[in-house]
Amino acid sequence: MAAPADDTAAAVAAASPTVRAPIPTAPSSLLISGRAFIDSDSSRTVLLRGVNLSGNAKLPTKPLTPTHVSDGFLDDDTNVSFVGRPFPLDQADAHLKRLKSWGFNFLRMVFTWEALEHKGPGIYDYEFMDYLIAVLYKLREHGFKCFMDPHQDVWSRFTGGSGAPGWTLRAAGLNATNFAATGAAMVQNTFKEPKDYPKMSWSTNYFKLAAGTMFTLFFAGETFAPNCLVAVPADPAAAASHPDGPAPKPKLVNIQEFLQSHYINAVAELAKRIHETAADLEDSVVVGYDTLNEPNAAFIGAPNVAKRPPHQELLLDLSPTIFQGMLMGEGHACEVEKYGVSWLGPYFITKETVDPKGTIAWFPKRLPSHLGLPKAWDSDPDWVQEGGCIWANHGVWDRNTKQLLVPDYFVRTTSGLGRPPHFDDFFVPFAERFIRAVRSHHKAAVSFVEPAANSIAPRVRRPWLEGKEGGGGQRVPVSNDGSWDRICFAPHFYDSLTLITKTYNPYFTPDLFGAARHRYSHVFLSIKFFESGIKACFRDQLAGTQDEGAENIGEAPCVIGEIGIPIDLENGKAFSTGDYSMQTRALDANLCGLEGNPGLNYTLWTYVPDNSNEWGDGWNSEDLSLWSPPKTDGGSVADGEDLDAGARGIKAGYLSRLAGATSHPPLPPLSTPSRLARARGTSKSTSRASTFRNSPTCKSTSAPSRATRSTPTPPGSTLPRSGCASCGCGERGCSGGGGRGEAEERESAWAVLMAVRNFRWETFGARVIQ
């Protein structure tokens with residue numbers, strides 16, 4: 001890699017452990033007991049409250065190519081850099097100070113496989129790794145812990161999302177320059193008018209040809225594409241000495257092994273870099289690693305490729321079947337259904353003909369130069385592999401007749417399971433392999449096991465889970481070598497209809513979690529009414545998600561890795577009016593659902609330092625950032641004294657101290673902002689304890705009880721509930737510190753009864769588990 005620019009190099013050097021002043025007392029590490037995280041020093045139960053940092057890490061800084069920019073998008077994808085993500089190092093203090101003032105104590109650090117290995121297979125970007133380590137030292141200065149998130153969305157930037165390097169597509173024979181013409185992917189960068197790109201339609205790419213093929217190959221290539229082999233140097237050192245001469249003999253590996261090994265090795269290389277150059281960050285700051293953001297089954301388990309698979313939940317804009325995607329990928333015209341979405345779900349609009357006019361999404365041959373190997377080797381038949389549609393090559397359909405031959409191809413298996421394959425059969429071995437690779441460097445890393453979005457937690461076979469719900473015979477065996485002992489369940493949760501329709505409906509919402517699990521005889525019976533019912537619905541869905549994780553992978557802490565709301569509700573109306581009250585209500589509903597579940601941890605999506613009202617987070621027209629740089633009359637936004645200026649949708653102060661223990665003295669009062677401005681404004685710092693004591697309406701004469709336990713409450717046991725929902729004083733009938741109105745109390749009574757210590761919005765904060 002080229003040397004960093006002088007200013008970047010100086011900033012990284014200033015933050016590196018070799019030159020910085022030692023920190024007298026390193027932060028404590030986290031232990032795991034049942035469903036709880038325990039502070040190693042105080043033995044207190046810790047609740048983790050945080051945010052994803054950052055959504056902009058999906059995109060490179062050089063060249064700076066947000067998804068609404070087409071110029072240079074399909075140029076050399078190996079010559080990019082992610083140095084500077086999530087923010088320039090000289091702005092780190094301002095951003096982290098702001099997040100700390102909001103009470104967050106935990107961050108989900110977003111990075112991509114592409115950021116680590118964009119140059120080519122096995123060629124790592126150590127400049128980016130060192131920059132990321134410098135950012136991690138900044139986290140330590142501000143008292144944050146984090147877990148590392150190798151992020152992806154629909155596989156890659158070139159298939160409409162983020163994550164994998166461009167050369168992974170070429171390894172499978174896919175030609176990204178032809179995706180738009182063939183409907184293989186809908187990418188905003190190549191969309192005719194980027195402003196007209198259908199919002200939230202990016203996720204439909206999971207079932208289009210390009211991303212669907214890549215995920216199927218990544219997890220199950222050995223099962224469904226056994227003949228898709230990749231030629232790699234048998235001896236990389238010897239191959240390097242033959243750039244222009246005769247090519248050495250290659251080694252052929254299945255595409256699944258090729259993709260998985262490179263992804264896992266890249267993340268393990270980052271863990272190794274941290275271990276070798278910044279070992280003092282392990283455990284004290286970097287708690288662990290996510291397995292993979294939002295993995296997807298894609299074609300796996302599709303009973304008929306001529307129809308949409310049952311796990312394809314969202315239909316939006318052009319929605320071809322899997323087989324139609326295969327036909328269009330080889331240049332054949334198809335009549336494709338087009339959908340819209342409303343509060344009642346997807347609805348059919350019309351059919352449109354997609355005619356590639358002979359353009360093909362595949363390379364005719366897969367060549368060594370596609371992977372950065374010498375172009376001279378392209379003429380060696382030992383290195384050249386079959387091109388064209390992988391699925392036609394495996395007999396799923398016939399190129400000549402264009403007829404479907406094996407509609408149930410992706411539920412057939414020769415693995416001896418005695419049943420149709422399930423995504424768990426492929427995901428669980430991958431996750432275990434990933435865990436082992438990371439822990440070969442970071443020995444005590446917590447493994448944040450993330451399931452596919454909106455799916456049931458993977459079912460693993462462990463002795464104490466046999467016979468429990470999920471079926472012992474359907475569980476996937478795992479090793480007993482300790483790989484699954486220090487894990488955290490890390491699903492995502494979104495208010496899907498608000499996210500997709502960009503409108504918050506405070507009057508009703510469906511229980512999508514319960515409906516997907518057939519808990520209602522009719523979908524209309526799943527509808528919950530009014531905001532109290534909506535909050536209770538979110539709380540119950542989150543509780544069910546957490547319980548499923550415990551049933552399927554064992555008792556473990558749960559972190560909701562992503563949860564958030566779109567800030568551009570109602571076509572961004574708040575940007576001109578300054579009225580973010582609807583965003584606040586939407587976020588309030590989500591947070592009440594979270595805080596109604598004792599012991600549940602979370603990281604909100606997202607905080608984007610370079611967010612803008614026009615293009616949102618800079619990625620597929622999404623706009624979920626809790627902060628956007630406010631307009632200023634010159635000077636740096638990051639240097640402003642008003643940390644709340646630019647906050648969006650947040651009206652509540654958070655508390656960052658999360659635990660207590662009877663064996664230790666009470667914590668001193670914490671200082672926290674009393675309120676964050678909607679979009680502008682200042683806030684005075686007040687002590688939570690003093691706020692409670694000085695409340696004119698609170699019946700308690702002392703601060704709320706901090707009686708806690710030295711060991712976590714056994715899973716499934718009932719935690720005591722405070723009588724006062726606003727201030728935690730234990731007195732029933734208390735209206736809480738701040739004089740909350742009687743009518744407002746009645747309006748939210750149901751949510752209060754169903755939540756545990758659900759403090760009123762102005763003093764909403766982290767809970768101490770009793």
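**Exercise 1. Strand 11, strand 12 and their sheet**

Task: In this predicted model, determine which residue of strand 12 stands opposite Glu337, and describe the sheet in which strand 12 takes part.

Solution.

Step 1. Glu337 has Lys351 of strand 12 standing opposite.

Step 2. Consider next the pairing of the two strands. Strand 11 and strand 12 are joined by nine bridges, and the sense of their pairing is antiparallel. As a general rule, the strands of a sheet pair through backbone hydrogen bonds, in either a parallel or an antiparallel manner.

Step 3. Place the pair in its sheet. The sheet is open, contains three strands in the order 10-11-12, and is paired in the antiparallel sense. Strand 10 (317–318) and strand 12 are its edge strands, each pairing on one side only.

**Exercise 2. The surroundings of helix 10**

Task: Establish how many residues of helix 10 are buried, and state which elements are included in what covers them.

Solution.

Step 1. Helix 10 comprises residues 322–329, and eight of its eight residues are buried. The residues in question are Ile322, Phe323, Gln324, Gly325, Met326, Leu327, Met328 and Gly329.

Step 2. Identify the cover. It includes helix 6 (179–182), helix 7 (209–224) and helix 11 (390–393), together with strand 11 (334–342) and strand 12 (345–354).

Step 3. Relate the helix to the strands of Exercise 1. Helix 10 lies across strand 11 and strand 12, and runs at about 130° to strand 11.

Step 4. Examine what comes after the helix. Gly331 follows helix 10 and has a positive phi, near 95°.

**Exercise 3. A second sheet of three strands**

Task: For the open sheet with the order 1-2-3, explain why one side of strand 1 and of strand 3 is left without a neighbour in the sheet.

Solution.

Step 1. This open sheet has three strands with antiparallel pairing.

Step 2. Strand 1 (30–33) and strand 3 (45–46) occupy the edges and each has a single partner strand, so one side of each lacks a neighbour in the sheet.

Step 3. Inspect one pair more closely. Strand 2 (residues 36–39) runs antiparallel to strand 3, and two bridges join them. Phe37 stands opposite Val46 in strand 3.

**Exercise 4. Strand 6 and its partners**

Task: Decide whether the residues of strand 6 that point one way and those that point the other way are buried or exposed, and find how many bridges join strand 6 to strand 5 and to strand 9.

Solution.

Step 1. Strand 6 spans residues 145–151 and is mostly covered, with seven of its seven residues buried.

Step 2. Separate the two directions. In a regular strand, side chains alternate between the two faces of the sheet. In strand 6, Lys145, Phe147, Asp149 and His151 point one way, while Cys146, Met148 and Pro150 point the other way; all are buried.

Step 3. Take the partners in turn. Strand 5 (residues 106–112) runs parallel to strand 6 and is joined to it by seven bridges. Strand 9 (residues 286–290) also runs parallel to strand 6, with three bridges joining the two.

Step 4. Follow Phe147 to both partners. Arg108 stands opposite Phe147, and in strand 9 the bridge partner of Phe147 is Gly288.

**Exercise 5. Helix 9 and two helices that pack with it**

Task: Classify the packing of helix 9 with helix 4 and with helix 12, and give the classes of the residues in each contact.

Solution.

Step 1. Helix 4 (residues 126–141) and helix 9 (residues 255–277) pack at about 55°, and their axes are 10 Å apart. This angle makes helix 4 oblique to helix 9. The crossing is right-handed.

Step 2. List the contact. Residues Tyr126, Met129, Asp130, Leu132, Ile133, Leu136 and Tyr137 of helix 4 meet Ala266, Glu269, Leu270, Arg273, Ile274 and Thr277 of helix 9. They comprise nine nonpolar, one polar and three charged residues.

Step 3. Helix 9 and helix 12 (residues 423–439) pack at about 30°, with axes 9 Å apart. Because angles under 35 degrees count as roughly parallel, helix 9 and helix 12 are roughly parallel to each other. Helix 9 passes helix 12 in a right-handed crossing.

Step 4. Helix 9 contributes Glu257, Gln260, Ser261, Tyr263, Ile264, Val267, Ala268 and Ala271 to this contact, and helix 12 contributes Phe430, Arg433, Phe434, Ala437 and Val438. By class, nine are nonpolar, two polar and two charged.

Key:
Residues are numbered from 1 along each chain as its sequence is written. This is a predicted model: local features need pLDDT of at least 70, side-chain atom pairs count only at pLDDT 80 or more; totals for chains, interfaces and linings use all residues. Side-chain values use heavy atoms; hydrogens and water are left out. Axes are lines fitted to C-alpha atoms, for helices over the stretch in contact, and angles run from 0 to 180 degrees between N-to-C directions. Helices (H or I, at least four residues) and strands (E, at least two) are DSSP runs, numbered from the N terminus. Angles under 35 degrees count as roughly parallel, over 145 as roughly antiparallel, 65 to 115 as roughly perpendicular and the rest as oblique. A crossing is left-handed if the near helix is turned anticlockwise from the far one by less than a right angle, and right-handed if clockwise. Contact means heavy atoms within 4.5 Å. Ala, Val, Leu, Ile, Met, Phe, Trp, Tyr, Cys and Pro count as nonpolar, Asp, Glu, Lys and Arg as charged, and the others, Gly among them, as polar. Buried means under 20% relative accessible area, exposed over 50%, partly exposed in between (1.4 Å probe, protein chains only). Two strands pair if DSSP finds at least two bridges between them.
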